[in-house]
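Here is a short report on pockets and helix packing. Please look over the model before reading on.

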Amino acid sequence: MLNVGGFSNLSLIEQDKPVTGFDCGPGNVLLDAWINEKRGLAYDANGAWAASGKILPGLLASLLGDPFFAGTGPKSTGRELFNLPWLHHHLSTQPACADEDVQATLLELTALSIVDSLRKAQQDTQALLVCGGGAHNGALMARLAGLLPAARVGSTAEFGVDPDWVEAMAFAWLAHCCLEGIAANRPSVTGARGSRVLGAIYPA
């Protein structure tokens, strides 16, 4: 299971093994920030602007050189690391380049960081089910499919779950577990010392 929101994260599900999961790196956060800065748009609809550019190998190598990408799960990240200043720092080390080429490179960064993380953690992935806003990015979905030719890559919608609903459904489930006293954490994901009921109830 791949969630591509601002950041990308994987939940790995295998028969007879504990569920594991971790952040891969930036999902939409840099793509949205760059198109907002350069074109005043909130997001790159269907990845069309990224698809119009070409990947810049030098910039891509610089971005992938961040130590975060070398680590293995469990790991987590956020806007304190991957943000516009981080991107501008890397751009300052490169020759001048077209804005759409930067967008294409950022999409490749998202795709590669996901697939590299997946290959390190799960060698024989059979299916990658995508949720979150990234599931609507046709260019990203096509790139993921191209990088994972042996796996089925598709949206969670194929299984009756709208990709925009998954996070809300997860929090509804967590609330149910809290009310019923059911442990809902996964120590194999978080590194917790044991199973725990999550959250708290504050009666009015």
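The text below covers two pockets and one helix pair in this predicted model.

**Pockets**

| Pocket | Volume | Nonpolar lining residues | Polar lining residues | Charged lining residues |
|---|---|---|---|---|
| Largest pocket | About 1300 Å³ | 23 residues | nine residues | four residues |
| Second largest pocket | About 300 Å³ | nine residues | five residues | two residues |

The largest pocket holds about 1300 Å³ of space. Its lining counts 36 residues, and Asn 9, Ser 11, Val 166, Ala 170 and Leu 174 are the closest to the centre. Six elements are listed as giving two or more residues to this lining: β1 (2-4), β2 (7-12), β3 (20-26), β4 (127-131), α7 (166-180) and α8 (187-190). The largest share comes from α7, with eight residues.

The second largest pocket has 16 lining residues. Nearest its centre lie Ile 13, Gln 122, Thr 125, Gln 126 and Ala 127. Strands β2 and β4 each contribute at least two residues to this lining.

**Helix pair**

How do α1 and α5 cross? The axes of α1 (residues 29-39) and α5 (residues 99-121) come within 9 Å, at a crossing angle of roughly 170 degrees. Angles over 145 degrees count as roughly antiparallel, so α1 is roughly antiparallel to α5.

On the α1 side, the contact uses Leu 30, Leu 31, Trp 34, Ile 35 and Lys 38. On the α5 side, the contact residues are Asp 99, Val 102, Gln 103, Leu 106, Leu 107, Leu 109 and Thr 110. By class, this contact has eight nonpolar, two polar and two charged residues.

Conventions: Residues numbered from 1 in each chain as written. Predicted model: local features only at pLDDT ≥ 70, side-chain atom pairs only at ≥ 80, totals over all residues. Heavy atoms only, no water. 1 Å grid on protein atoms, 1.4 Å probe; cavity = no way out; pocket = protein on both sides within 12 Å on 5 of 7 lines; lining within 4 Å. Points joined across faces, edges and corners; volume = space filled by probe spheres on them. Helix = DSSP H or I, 4+ residues; strand = E, 2+ residues; numbered from the N terminus. Nonpolar A, V, L, I, M, F, W, Y, C, P; charged D, E, K, R; others polar. Axes fitted to C-alpha atoms, helices over the stretch in contact; angles between N-to-C directions. Parallel < 35°, antiparallel > 145°, perpendicular 65-115°, else oblique. Contact = heavy atoms within 4.5 Å.
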